[in-house]
Amino acid sequence: METPGSQSSLHRANLERVVRAVRLAGSLTQAEIARTTGLSAATVSNIVRELKEHGTVEVTPTSAGGRRARNVSLSGDAGIVVGVDFGHTHLRVALGNLAHQVLAEEAEPLDVDSSAAQGLDRAERLIGRLVDATGVDRSKIAGVGVGVPGPIDVESGTLGSTAILPGWGGARPAEELRGRLGVPVHVDNDANLGALGELVWGSGRGVRDLAYIKVASGVGAGLVINGAIYRGPGGTAGEIGHITLDESGPVCRCGNRGCLETFASARYVLPLLRPSHGDDLTMEDVVRLARDGDAGCRRVIADVGRHIGSGVASLCNLLNPSRVVLGGDLAEAGELVLGPIRESVGRYAIPSAARRLALLPGALGGRAEVLGALALALGEVGDSTLLDGTAAGTASAGAPALT
């Protein structure tokens, strides 16, 4: 039994600090571990050697600043995390190890009118299929992250009323999937996970505060403040789609009039173009046609950009983020949509906030949410748990996947 303040408890705490630093970063040189943890280079060297001997980390030669260095990452076979993304019309699942490598990923159509039970059945089957295809040991699944297109009550884990997946209102996806899989499951709003994915692997790398704007069947925002997702006390922070732009505008699914969503989301935008472009038109089609020079699609995308820019300007005035990342199909339009967004930000945001803002398209495309779900699962893996179970009090540990 370790006594607080004893050498053994101090050693244990240092082990956990090193494992946590590597887990969250994916990989670090020993010098970077020392800077991150505040431990001396000699202490880090000894701990890394101990962790390597017990299979917790892998050490590979690299270079840093033109000098030889040792890169430390968690062992690739230490554990598995799963990411699940439920969208308006799709289900996407990714399987990753704890060394930032995606082992398998698959997406399939999802009926928007299906119930939560049907959707979770599909997810369970798809997870099983990917596990079998990769040949990984099911007992090594350390956790599952799940993204859903709606607000999650932080206390009960209940999904709020959603018009995007109407059969899911009142569901408790974390509890229900945990009962099916027998492993920890963590659920968050899809925009939050998009922000987390871009923060870890995409256009948000290197910043401590950003807003990820997802424009799809709805409009939402994932907010990162001081390096962490900000959810608010009720879990509903980031509902930028329900900023009022016109009190006499169209009735929104939330019950109000003239919300940003009624001027920017696919469900309101596509009917403007379908009379001239056909009933099967999708947002992906609109972006493709706009890039090819279609005047009507370009006009609609520019209008949407200006409306989104009004919402982004409000974010700038309230939170002053250093970076805004645009996700969803609309991001593929590039400057056709980013230009009008900047125009509105320049017009409506406080000049000092607008000058410091970097507006970028998402780097991960449609994978942002599922990779964010992997990162969510990774972030919930306990460092103490990873260290338990070996002769040195050191065990397998991990981080999620992207290659």
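**Notes on a predicted model: a five-stranded sheet and its helices**

1. Helix H6, residues 190–201, lies across four strands: S9, S10 (219–225), S11 and S12. Its direction is at about 50° to that of S10. The model is a predicted one, and the points below should be read with that in mind.

2. A second helix, H11 (residues 335–348), also packs on the sheet. H11 touches S12 and S13, and its direction makes about 160° with that of S13.

3. The sheet itself is open and has 5 strands, in the order S11-S10-S9-S12-S13, with mixed pairing. The edges are held by strand S11 (228–230) and strand S13 (358–361); each has a single partner strand, so one side of each is left without a neighbour in the sheet. On average, neighbouring strands are turned by 25° against each other when direction is ignored. As background, strands of a sheet pair through backbone hydrogen bonds, either parallel or antiparallel.

4. How many bridges join S9 to S12, and in which sense do these strands pair? Strand S9 (residues 210–215) and strand S12 (residues 323–327) pair in the parallel sense, over 5 bridges. Two positions can be used to follow this pairing in the structure: Ala 211 stands opposite Val 324 in S12, and Ile 213 stands opposite Leu 326 in S12.

5. S12 also pairs with S13. These two strands run parallel and are joined by 4 bridges. Here Val 325 stands opposite Leu 360 in S13.

6. Is S12 enclosed or open to the outside? Of its 5 residues, 5 are buried, so S12 is largely enclosed by the rest of the structure. In a regular strand the side chains alternate between the two faces of the sheet. In S12, Arg 323, Val 325 and Gly 327 point one way, while Val 324 and Leu 326 point the other way, and all are buried. The charged residue Arg 323 is thus listed among the buried residues of this strand.

7. Two loop residues next to the sheet deserve a look at their backbone. Asn 226 is found in the loop between S10 and S11. Its phi is near 55°, a positive value in a residue other than glycine. Asn 226 is exposed, with a relative accessible area of 55%.

8. Asn 320 lies in the loop between helix H10 (295–319) and S12. Phi of Asn 320 is near 55°, again a positive value in a residue other than glycine. Asn 320 counts as partly exposed, at 42% relative accessibility.

9. Beyond H11 the chain passes through a loop to helix H12 (351–355), and Ala 349 lies in that loop. Is Ala 349 buried or exposed? Ala 349 is buried, because its relative accessible area is 7%, and the cut-off for buried is under 20%. Leaving aside residues up to four places away in sequence, Ala 349 touches Ala 313, Cys 316, Asn 317, Ser 344 and Ala 354. For a sense of scale, Ala 349 and Val 131 are 218 residues apart in sequence and 48 Å apart in space, C-alpha to C-alpha.

10. H6 meets a further helix, H13 (residues 368–379). The axes of H6 and H13 come within 7 Å and cross at roughly 80°. Angles of 65 to 115 degrees count as roughly perpendicular, and H6 and H13 are therefore roughly perpendicular to each other.

11. On the H6 side, this contact is made by Asp 190, Leu 193, Gly 194, Leu 196, Gly 197, Glu 198, Val 200 and Trp 201. On the H13 side, the residues are Ala 368, Glu 369, Leu 371, Gly 372, Ala 373, Leu 374, Ala 375 and Leu 376. The residues of the contact of H6 with H13 divide into 10 nonpolar, 3 polar and 3 charged.

12. One more helix pair is found at the start of the numbering. Helix H1 (residues 7–25) and helix H2 (residues 30–37) pack at an angle of about 110°, with axes 10 Å apart. H1 and H2 are therefore roughly perpendicular to each other, and their crossing is right-handed.

13. Which residues bring H1 and H2 together? Arg 17, Val 18, Ala 21 and Val 22 in H1 meet Ile 33, Thr 36 and Thr 37 in H2. The residues of this contact divide into 4 nonpolar, 2 polar and 1 charged.

Note on methods:
Residues numbered from 1 in each chain as written. Predicted model: local features only at pLDDT ≥ 70, side-chain atom pairs only at ≥ 80, totals over all residues. Heavy atoms only, no water. Axes fitted to C-alpha atoms, helices over the stretch in contact; angles between N-to-C directions. Parallel < 35°, antiparallel > 145°, perpendicular 65-115°, else oblique. Left-handed = near helix turned anticlockwise from the far one by under 90°. Contact = heavy atoms within 4.5 Å. Pairing = 2+ DSSP bridges. Buried < 20%, exposed > 50% of the residue type's maximum accessible area, 1.4 Å probe, protein only.
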